[in-house]
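Subject: A structure to look at, with notes

Hello,

I am passing a structure on to you, along with some notes on what turned up in it. Please have a look at the sequence and the model below, and then read on.

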Amino acid sequence: MSKVFSRPESLLDTPLHYCPGCGHSIIHRLIAEVIDELQIRERAILVPPAGCAVLAYNYLDVDAIEAAHGRASAVATGLKRLRPDCVVFTYQGDGDLAAIGIAESIHAANRSEKITVIYVNNAVYGMTGGQMAPTTMIGQKTTTTPFGRDVDQAGYPILICEMLSQLPGATYLERTSVHDAKHILRTRKAIKRAFEVQLAGQGFSLVEVLSPCPTNWHLTPAEAHRHVPEQMVKTFRLGVFREPGDGRVSC
Amino acid sequence: MSERVLFSGNHAIAEAAILSGCTAYFGYPITPQNALPEYMAANLRRRNNGVFIQAESELAAINMVIGASAAGARVMTSSSSPGISLKQEGISFLAGMELPAVIVNMNRGGPGLGNIAPAQSDYFQSTRGGGHGDYRVIVLAPGSVQELIDATRRAFELADRYRTPVLILGDGMIGQLMEPVVLPEPIDPAQIPERSYTLSGASGRPKRLIKSLILDTAKMEEHNWKLFRKYEMISAEIADAETEFVEGAKLLVVAFGTAARIAKGAVKRARAEGMDVGLIRPLTLWPFPKKALAKASRSCSNFCVFEMNTGQMVEDVRLSVQEGTNVVFSGRPGGVVPTPIELYRAIARIHHRVKKGAAV
Ligand SMILES: Cc1ncc(C[n+]2csc(CCOP(=O)(O)OP(=O)(O)O)c2C)c(N)n1
Ligand code: SF4
């Protein structure tokens, strides 16, 4: 009998702490699979966030350093510049990357740091109990937008891929989702592509992954997985925003 | 390398860092220390194959420092007061994760945006941890361009030895002063022993993890006790002060950095006029040289603490001296640099009262 499915080597055999139906678990697995496939486990350095995924280092069998809330891109910059042969990647939530760490994120992209950013957009602050994130959708209820996000009061959801695609330094940008098998495979491809861009020394790569947070959306896992294609993609359009070569500027 | 060369304070630190095997610098411009990053930009890559980045903010800069330190490099950042406030988040993380780094603060007048004139008003921030949590930072307080150079070499060594951030506290005056100096022998970065915890990819070894999140309360407590023990060891090993004319003195002036230069002039003049005055100059502000002060207070019961602030180190002096010692404060905040004459007059007044046996 041949084995057709097994745990990726880069994923440690430890129970994950995420809620049932949470996208983080799926995304972790995809990253581990890609690391195995590209055979970069022994060169990889993970910079996990403050947020639900802070314990990512308990699951991925790679070197890791925890960053302060939002600062992963800056820490990754320091690492990558001193260890150009390593494959340095951050793993960040939308609060981490698009709120407190937006300056670090924009500037790392603008410098075209040769790092890979896995950006998990669940439209909410998971770890701290479901407050509004910069990506919370208009009308979406959270603990700090109890009547729904009101544009007059709280502004608009931030579209990171669209925003970063203005920067010549942002080499590869793609937004995907993990709500069903097809999109999970698409996400895996995007993550692989993002690492390949780094391995080729082409510059900054980021994959934004739309990810369900059943707990703070107050939906069952199944409902949360339907919510992504039915609601989230209206605000967050899926697709490739930037390919290597797109941003080249000549003067 | 024993010939004397002329260097400004800011350039001297940068040169000493390069000669000490520093291969990474991250900073954000702020007056009065811009000459330091400028020197790094011009020299670091060329000479040490190092990395220079002008970061988008002090927050980014100190976090790049964290990354570079985890990657195993001797790394430095520099700033001045408002910028150091922003770096406190990262300094707390460096301390918690036990990562070495050298941080330079060319203190300017505060609070807030303040001004760009020399001040010593960041004493509390420097010596009390500065950021959140139970930690300390080694603080060196050089008083000349040569001492800035020596302190830079020492800061890298101490940072590596104790796996902790080390702060060099200067000010706008010492940073811009030009003096002849002797440079140290160069250290080849390749010769610096590799750190056991460096992140380089888990090749042929188990993965390594650098972190400061410790959710288990018992483990968090143990980590804090471990840091505490380390700080106790540092206190016992490196607390340092320079003393002058302490024997037989009736009045001792305590001052650090630029204020100590001014104090030296004032004390010399007072002695020339026959007053029994001496000087104690802390060279490390944390750990504070408590023992040197306690010892001096056994033979002299009048102290005058002279600082360019409203009286911050005076608290450490009071905590160090014997009971019954009189400690008065003299100083000016807001970036005003007092003249030796001003301090001399204060010394003469106090000395006169001491001689008459009056309370100081
Ligand atoms: C400086 C700082 N401010 C606030 C926090 C508290 N905090 C931890 S995680 C988080 C938000 C996480 O949200 P997100 O990045 O969207 O990740 P998620 O938990 O949803 O995966 C906040 C505000 C912190 N750790 N540090
Ligand atoms: S709170 Fe949300 S993001 Fe966090 S683990 Fe639970 S489902 Fe996932």
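Which element of chain A gives the most to the shell around ligand 2? Helix H8 of chain A, residues 214–217, does so with 3 residues. Please keep in mind throughout that this is a predicted model.

Let me stay with ligand 2 for a moment. The residues that surround ligand 2 are A:Tyr18, A:Cys19, A:Cys22, A:His24, A:Cys52, A:Asn122, A:Cys213, A:Pro214, A:Thr215 and A:Asn216. Sorted by class, this shell has 6 nonpolar and 4 polar residues, and no charged ones.

Now to ligand 1. Its surroundings are made up of 16 residues, and the closest are A:Cys52, A:Asp94, A:Asp96, A:Gly126 and A:Met127. You may recognise A:Cys52 from the list for ligand 2. The shell around ligand 1 divides into 6 nonpolar, 8 polar and 2 charged residues.

Polar backbone atoms are worth a look here. One belongs to A:Gly95, and an oxygen atom of ligand 1 is 2.9 Å from it. A polar backbone atom of A:Asp96 is 2.8 Å from an oxygen atom of ligand 1. For A:Gly126, the distance from a polar backbone atom to an oxygen atom of the ligand is 2.8 Å. On its own, ligand 1 has 590 Å² of accessible area, and the protein covers 74% of that. Two elements of chain A give two or more residues to the shell around ligand 1: helix H3 (94–100) and strand S5 (124–125). Of the elements, H3(A) gives the most, with 4 residues.

Next comes the place where the two chains meet. How many residues does the contact take from chain A, and how many from chain B? Chain A brings 34 residues and chain B brings 35 residues. The size of an interface is often given as the accessible area lost when the parts come together. Between chain A and chain B the buried area is about 2700 Å², and carbon and sulfur atoms give 61% of it. On the chain A side, A:Asp63, A:Glu66 and A:Leu82 supply 22% of the area that chain A buries against chain B, which is more than any other three residues.

Side chains of opposite charge can pair when their charged atoms come close. Across the interface of chain A and chain B there are 3 salt bridges. B:Glu56 forms a salt bridge with A:Arg111, and their closest N and O atoms are 2.9 Å apart. The same interface also has 17 residue pairs in polar contact, counting pairs with both residues at pLDDT 80 or more.

If you would like to trace the chain A side of this interface, the elements that give two or more residues to it are strand S1 (44–47), strand S2 (63–65), helix H2 (72–82) and helix H4 (102–110). H2(A) has the largest share, with 7 residues. By class, the side of chain A that touches chain B has 18 nonpolar, 4 polar and 12 charged residues.

Over all chains, the count of salt bridges comes to 32. Another pair to look up is A:Arg188 and A:Glu37, whose side chains meet in a salt bridge with 2.9 Å from N to O. Why does this pair tie together parts that are 151 residues apart in sequence? Because A:Arg188 lies in helix H7 (residues 181–199) of chain A, while A:Glu37 lies in helix H1 (residues 23–38) of chain A.

Finally, a few backbone details. In chain B, a cis peptide bond joins B:Gly110 and B:Pro111, with omega about 5°. You will find B:Pro111 in the loop between strand S5 (101–107) and helix H5 (123–127) of chain B. A cis peptide bond also joins B:Trp286 and B:Pro287, with omega about 0°. B:Pro287 sits in the loop between strand S13 (284–286) and helix H10 (290–299) of chain B. Over in chain A, A:Ser112 has a positive phi of about 55°, although A:Ser112 is not a glycine. This residue is in the loop between H4 and strand S4 (116–121) of chain A.

Enjoy looking around, and best wishes.

Notes: Residues are numbered from 1 along each chain as its sequence is written. Chains are lettered from A and ligands numbered from 1 in the order in which they are written. This is a predicted model: local features need pLDDT of at least 70, side-chain atom pairs count only at pLDDT 80 or more; totals for chains, interfaces and linings use all residues. Side-chain values use heavy atoms; hydrogens and water are left out. A residue is near a molecule or strand if one of its heavy atoms lies within 4 Å of it. A polar contact is a pair of N or O atoms within 3.5 Å; within protein, one must be able to donate a hydrogen and the other to accept it, and residues adjacent in sequence count only if both atoms are side-chain atoms. Accessible areas come from the Shrake-Rupley method with a 1.4 Å probe; for residues, only the protein chains shown count as cover. Ala, Val, Leu, Ile, Met, Phe, Trp, Tyr, Cys and Pro count as nonpolar, Asp, Glu, Lys and Arg as charged, and the others, Gly among them, as polar. Contact means heavy atoms within 4.5 Å. Buried area is the accessible area (1.4 Å probe) that two parts lose on being put together, summed over both. A salt bridge is a side-chain nitrogen of Lys or Arg within 4 Å of a carboxyl oxygen of Asp or Glu.
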